[in-house]
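Here are a few notes to read alongside the structure, written for someone opening it cold. Keep the view in front of you and follow the points in order.

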Amino acid sequence: MNRLRPTASVLDIANRLEEAGFEAWCVGGAIRDALLGGRPLDWDLATPATPEQVRGLFGRKRTIPIGIEFGTVAVLDDAGVPHEITTFRRDVQTDGRHAVVEFGASLEDDLARRDFTINAIAYRPRTQEVRDPFGGRNDIVAGVVRAVGDADARMREDRLRALRALRFAARYEFAIDPATRQAVEASAPFLTRLSAERVQQELVKSMQQVKRASVAISLWQESRALEVLVPSLGWLSEIDLATLDHLPADGAGGRTLPQRTTNRVAALFLNIPAAQARRVLTDLRFSKHDTNWITALVERWAKVAPAISVALDDGAPTDAELRGWLSALGRLHVGGFMRVAAARWSALRAYGEPAPPAAGVRDLYRRFERSRLTDPLEVGDLAIGGDELRAFGIPPGPLYAKILGLLLESVLEAPARNTPEGLMAEVPGLVERLGRTT
């Protein structure tokens with residue numbers, strides 16, 4: 001019981017409700033995570049008070065009707081942080097995703113409509129009473145994800161629960177109760193009813209929250225959810241899955257780095273053409289930023305990784321080879337690429353498959369870091385540009401890009417050539433060469 005310690009702000013809101021004559025119960029994921037030994041900051045409350053009564057008690061300026069048709073109002077604490085308060089409710093109709101709810105229910109009714117027993121526990125701060133009508137605490141101790149009541153009925157009410165069951169099992173390293181697992185697997189053909197945004201959110205949460213993301217995706221595979229929802233990823237190999245576990249989750253080591261999540265998603269697509277990966281990511285409603293980032297890593301993996309792998313097997317690559325790869329990767333993407341590539345090569349080595357040696361990969365990364373800060377790698381780094389070509393008498397047009405591209409190749413081979421005089425000395429020969437090939 002001593003683990004159930006809501007924040008001071010939540011206790012203050014609960015006290016206000018209690019003083020007004022309304023029970024206030026902490027519910028949901030915060031209870032589960034606290035009992036598991038975590039220290040959650042986001043505590044939700046359930047109460048018999050209606051949304052209008054909550055708004056009347058706390059005032060319109062401190063409340064936001066974020067889901068008032070479902071009985072949910074956000075109350076702002078003194079620091080402006082929102083806390084969700086939901087009226088006790090029961091479902092009266094559902095289409096497999098959205099429910100019509102009825103207020104005036106009891107706490108037991110409210111808990112009975114929840115998805116899993118580990119999420120159907122309530123705690124009343126005023127009396128320190130715990131309500132656990134479905135044995136959620138026992139399931140937490142036993143490490144089991146179990147549906148509340150009839151598992152098939154719970155999945156029919158909301159098909160998203162199937163994906164949530166898989167995520168909770170992977171995140172907490174729990175088993176899935178046999179009846180619940182059977183209901184999850186029976187839900188697979190109906191998962192297409194979920195919106196693309198919901199599928200994407202569950203996939204991202206699995207990449208973000210689960211320490212061993214391979215476990216989460218394996219569960220998606222075994223339940224056929226992956227095959228139904230993302231057919232392009234339906235047949236990921238053991239090495240594909242193992243790659244995920246060599247990429248740390250966001251928050252690992254106390255570091256919050258959202259790019260870790262997108263790198264994990266990128267690792268799922270390494271065996272897929274970049275254009276196809278872009279279509280899948282777009283269909284799943286990933287943001288343009290994440291879609292572009294992930295697609296860029298996938299594209300660079302196909303373009304550069306094979307050459308790097310061969311060169312590292314043969315020994316230390318030359319500086320010219322390194323600059324060529326770095327130019328193809330781009331300064332912006334080299335870090336993400338190397339993290340994903342190192343993870344894939346680590347997974348290959350673990351399975352006894354050919355892969356560059358770990359020491360060689362680390363040395364390459366160090367050399368990349370030095371080179372990207374000092375060497376000319378892009379057309380924009382050249383000592384001359386369009387102005388100098390015009391002054392030389394070359395009319396504007398596609399020829400500019402071709403000349404500058406060839407000059408960059410020359411500079412990548414020997415950075416000392418990157419002077420105005422040195423590059424302009426090469427231009428006449430390049431113009432003649434290009435004239436012969438056009």
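1. A quick definition before anything else: two strands count as paired if DSSP finds at least two bridges between them. That covers the first hairpin to look at, where E3 and E4 are linked with 4 residues between them. In its turn sits Gly-71, with a positive phi of about 90°. The two strands run antiparallel and are joined by 3 bridges; Thr-63, for instance, has Val-75 as its bridge partner in E4. Bear in mind throughout that this is a predicted model.

2. There is another hairpin right after it to check out. E4 and E5 form this one, with 5 residues between them. Here the turn contains Gly-80, whose positive phi is about 85°. The pairing of E4 with E5 is antiparallel and has 5 bridges, and Val-73 finds its bridge partner in Ile-85 of E5.

3. Now zoom out to the sheet. Which order do the strands take? They go E3-E4-E5-E2-E1-E8-E9, making an open sheet of 7 strands with mixed pairing. Strand E3 (63–67) and strand E9 (129–131) are at the edges with a single partner strand each, so one side of each has no neighbour in the sheet. From one strand to the next, the twist averages 30°. As general background, strands of a sheet pair through backbone hydrogen bonds, in either a parallel or an antiparallel way.

4. Follow the middle of that order next. E2 and E5 pair in the parallel sense, over 3 bridges. Ala-46 is worth clicking on: its bridge partner in E5 is Thr-86, and Ala-46 is also the partner in E2 of Trp-25. The E1 and E2 pairing is antiparallel, again with 3 bridges.

5. Over at the E9 edge, strand E8 (residues 122–124) runs antiparallel to E9, and 3 bridges join the two. One pair to find there is Arg-124 with its partner Glu-129 in E9.

6. Two helices lie across the sheet strands. Helix H1 (residues 8–19) lies across strand E1 (25–27), strand E2 (44–47), strand E4 (72–76), strand E5 (82–87) and E8, and runs at about 35° to E5. Helix H3 (residues 51–58) lies across E2, E3, E4 and E5, at about 10° to E4.

7. Ala-20 is in the loop between H1 and E1. Is Ala-20 buried or exposed? Neither quite fits: its relative accessible area is 36%, so Ala-20 counts as partly exposed. Its C-alpha atom is 9.9 Å from that of Val-54, which is 34 residues away along the chain.

8. Asp-33 makes a nice contrast. It belongs to helix H2 (residues 29–35) and counts as buried because its relative accessibility is 17%, where the cut-off is under 20%. Leaving aside residues up to four places away in sequence, Asp-33 touches Gly-38, Pro-40, Arg-171 and Tyr-172.

9. On to the helix pairs; in general, two packed helices are described by the angle between their axes and the distance between the axes. Helix H7 (residues 160–172) packs with H9 at an angle of about 5°, the axes being 10 Å apart. H7 and H9 are therefore roughly parallel. From H7 the contact takes Leu-160, Leu-163, Arg-164, Arg-167 and Arg-171, and from H9 it takes Arg-198, Glu-202, Lys-205, Ser-206 and Gln-209. By class that gives 6 charged, 2 polar and 2 nonpolar residues. Arg-171 should ring a bell, since Asp-33 touches it too.

10. Last stop: how do H9 and H13 meet? The axes of helix H9 (residues 196–209) and helix H13 (residues 259–268) come within 9 Å and cross at roughly 115°. That makes H9 roughly perpendicular to H13, and the crossing is right-handed. Leu-203, Val-204, Ser-206, Met-207 and Gln-208 of H9 meet Thr-261, Arg-264, Val-265 and Leu-268 of H13. This contact has 5 nonpolar, 3 polar and 1 charged residue. Note that Ser-206 of H9 meets H13 and also takes part in the contact with H7.

Terms used
Residues are numbered from 1 along each chain as its sequence is written. This is a predicted model: local features need pLDDT of at least 70, side-chain atom pairs count only at pLDDT 80 or more; totals for chains, interfaces and linings use all residues. Side-chain values use heavy atoms; hydrogens and water are left out. Buried means under 20% relative accessible area, exposed over 50%, partly exposed in between (1.4 Å probe, protein chains only). Contact means heavy atoms within 4.5 Å. Axes are lines fitted to C-alpha atoms, for helices over the stretch in contact, and angles run from 0 to 180 degrees between N-to-C directions. Angles under 35 degrees count as roughly parallel, over 145 as roughly antiparallel, 65 to 115 as roughly perpendicular and the rest as oblique. A crossing is left-handed if the near helix is turned anticlockwise from the far one by less than a right angle, and right-handed if clockwise. Ala, Val, Leu, Ile, Met, Phe, Trp, Tyr, Cys and Pro count as nonpolar, Asp, Glu, Lys and Arg as charged, and the others, Gly among them, as polar.
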